[in-house]
Amino acid sequence: MTTGLLLLRVLLATLLFGHALQKLRGWFGGAGPAGTGAVFERWGFVPGTRLAVTAGLAELAGGASVATGLLTPAGCAVVIGTMTVAAVATSPQGFWAQRGGCEVPFWYGAVAVVLGFTGPGPWSLDAALDLPWASGTGWGAVALPAGLLAAAVPLTARARVLRASRTGTAPQADGDTKA
């Protein structure tokens with residue numbers, strides 16, 4: 001169990017780092033901040049570049065927390081929130097990643113939920129520092145709603161942008177609206 005939790009944490013963190021660096025640096029076939037920002041704006045996240053950078057930094061922070069097993073419930077909440085936003089944005093293409101769907105963010109978020117409930121295990125900084133959530137009992141019940149609540153903020157803003165775009169008053173990247 002100890003080795004399995006460590007591997008799960010490190011694998012999820014590695015994938016999150018790559019996911020983040022696609023946005024932040026354009027590495028691993030990513031589009032970088034400007035290209036990812038353009039995609040974000042098509043999805044209704046305005047201003048796209050700033051929000052792409054914010055998402056990338058959140059993925060790095062969540063990934064670092066998960067990898068080290070430090071402040072694990074908070075790191076899991078960050079991953080859950082970020083991946084919930086990504087899953088909602090990509091869900092119109094269906095579930096499977098092959099068609100651009102929400103499979104990948106769903107899976108990353110689901111693994112973060114599991115780690116929130118199990119805790120990081122004994123090979124973690126939380127355990128080394130004897131922090132109360134090192135065992136995980138009940139902390140997933142904190143991380144999950146915290147992540148979903150955090151996701152509600154950008155998703156609500158996105159809903160306003162999408163609604164306004166249907167009526168011809170969509171906010172622009174600088175925050176202005178066009179009539």
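Helices here are DSSP runs of H or I with at least four residues, numbered from the N terminus. With that settled, grab the structure, which is a predicted model, and work through these.

**Exercise 1. The pocket and its walls**

Find out which helix gives the most to the lining of the largest pocket, and what classes of residue make up that lining.

Solution.
- Step 1: start with the pocket itself, which has a volume of about 720 Å³.
- Step 2: look for its centre. Of the 32 lining residues, Lys23, Phe40, Trp43, Glu59 and Ala86 are the closest to it.
- Step 3: list the helices that supply at least two lining residues each. These are H1 (2-24), H2, H3, H4 (72-90), H5 (103-118) and H7 (140-167).
- Step 4: pick the top contributor. That's H4, with seven residues.
- Step 5: sort the lining by class. You get 18 nonpolar, twelve polar and two charged residues.

**Exercise 2. A glutamate by the pocket centre**

Glu59 is among the residues closest to the centre of the largest pocket. Decide whether Glu59 is buried or exposed, and say which residues it is in contact with beyond its neighbours within four places in sequence.

Solution.
- Step 1: place the residue. Glu59 sits in helix H3.
- Step 2: check its accessibility. The relative value is 3%, and buried means under 20%, so Glu59 counts as buried.
- Step 3: collect the contacts, skipping anything within four places in sequence. Leu16, His19, Ala20, Lys23, Thr82 and Met83 turn up. Lys23 is another of the residues closest to the pocket centre.

**Exercise 3. How H2 meets H3**

Work out how H2 and H3 are oriented towards each other, and which residues meet where they pack.

Solution.
- Step 1: take the geometry. H2 (residues 32-43) and H3 (residues 48-68) pack at an angle of about 110 degrees, and their axes are 7 Å apart.
- Step 2: compare with the cut-off. Angles of 65 to 115 degrees count as roughly perpendicular, so that is what H2 and H3 are.
- Step 3: name the partners. On the H2 side you have Pro33, Ala34, Thr36, Gly37, Phe40 and Glu41; on the H3 side they meet Gly48, Thr49, Leu51, Ala52, Val53 and Ala55.
- Step 4: classify the contact of H2 with H3. It has seven nonpolar residues, four polar ones and one charged.
- Step 5: glance at the loop between H2 and H3, where Pro47 is found. The peptide bond joining Val46 and Pro47 is cis, with omega at about -5 degrees.

**Exercise 4. Two residues of H4, and what they sit beside**

For Gly81 and Val85, find the C-alpha distances to Leu148 and Ala152 respectively, and list the contacts of Gly81 and Val85 beyond four places in sequence.

Solution.
- Step 1: locate the pair. Gly81 is in helix H4, and Val85 is in H4 too.
- Step 2: judge accessibility. Gly81 is buried at 6%, and Val85 is buried at 14%.
- Step 3: get the distances. Gly81 and Leu148 lie 67 residues apart in sequence, with 5.3 Å between their C-alpha atoms. For Val85 and Ala152 the sequence separation is 67 residues and the C-alpha distance is 8.1 Å.
- Step 4: read off the contacts. Gly81 is in contact with Gly147 and Ala151, while Val85 is in contact with Phe45, Ala151, Pro154 and Leu155.

**Exercise 5. Positive phi without a glycine**

Two residues, Phe28 and Leu71, have a positive phi although neither is a glycine. Say where Phe28 and Leu71 are found.

Solution.
- Step 1: Phe28 has a phi of about 55 degrees and is in the loop between H1 and H2. Its relative accessible area is 58%, so it is exposed.
- Step 2: Leu71 also has a phi of about 55 degrees. Leu71 lies in the loop between H3 and H4 and is partly exposed at 43%.

**Exercise 6. Sequence distance versus space**

Take Ala157 and find how far its C-alpha is from those of Gly44 and Ala67.

Solution.
- Step 1: Ala157 is in helix H7 and is partly exposed, at 30%.
- Step 2: Gly44 is 113 residues from Ala157 in sequence, yet their C-alpha atoms are 8.3 Å apart.
- Step 3: Ala67, in helix H3, is 90 residues from Ala157 along the chain, and here the C-alpha separation is 31 Å.
- Step 4: see what Ala67 touches instead. Not counting residues up to four places away, the partners are Arg9 and Ala13.

Key:
Residues are numbered from 1 along each chain as its sequence is written. This is a predicted model: local features need pLDDT of at least 70, side-chain atom pairs count only at pLDDT 80 or more; totals for chains, interfaces and linings use all residues. Side-chain values use heavy atoms; hydrogens and water are left out. Axes are lines fitted to C-alpha atoms, for helices over the stretch in contact, and angles run from 0 to 180 degrees between N-to-C directions. Angles under 35 degrees count as roughly parallel, over 145 as roughly antiparallel, 65 to 115 as roughly perpendicular and the rest as oblique. Contact means heavy atoms within 4.5 Å. Ala, Val, Leu, Ile, Met, Phe, Trp, Tyr, Cys and Pro count as nonpolar, Asp, Glu, Lys and Arg as charged, and the others, Gly among them, as polar. On a 1 Å grid over the protein atoms alone, a cavity is a set of points where a 1.4 Å probe fits but cannot get out, and a pocket is an open set with protein on both sides within 12 Å along at least five of seven lines; lining residues have an atom within 4 Å of a point. Grid points are joined across faces, edges and corners, and a volume is the space filled by probe spheres set on the points. Buried means under 20% relative accessible area, exposed over 50%, partly exposed in between (1.4 Å probe, protein chains only).
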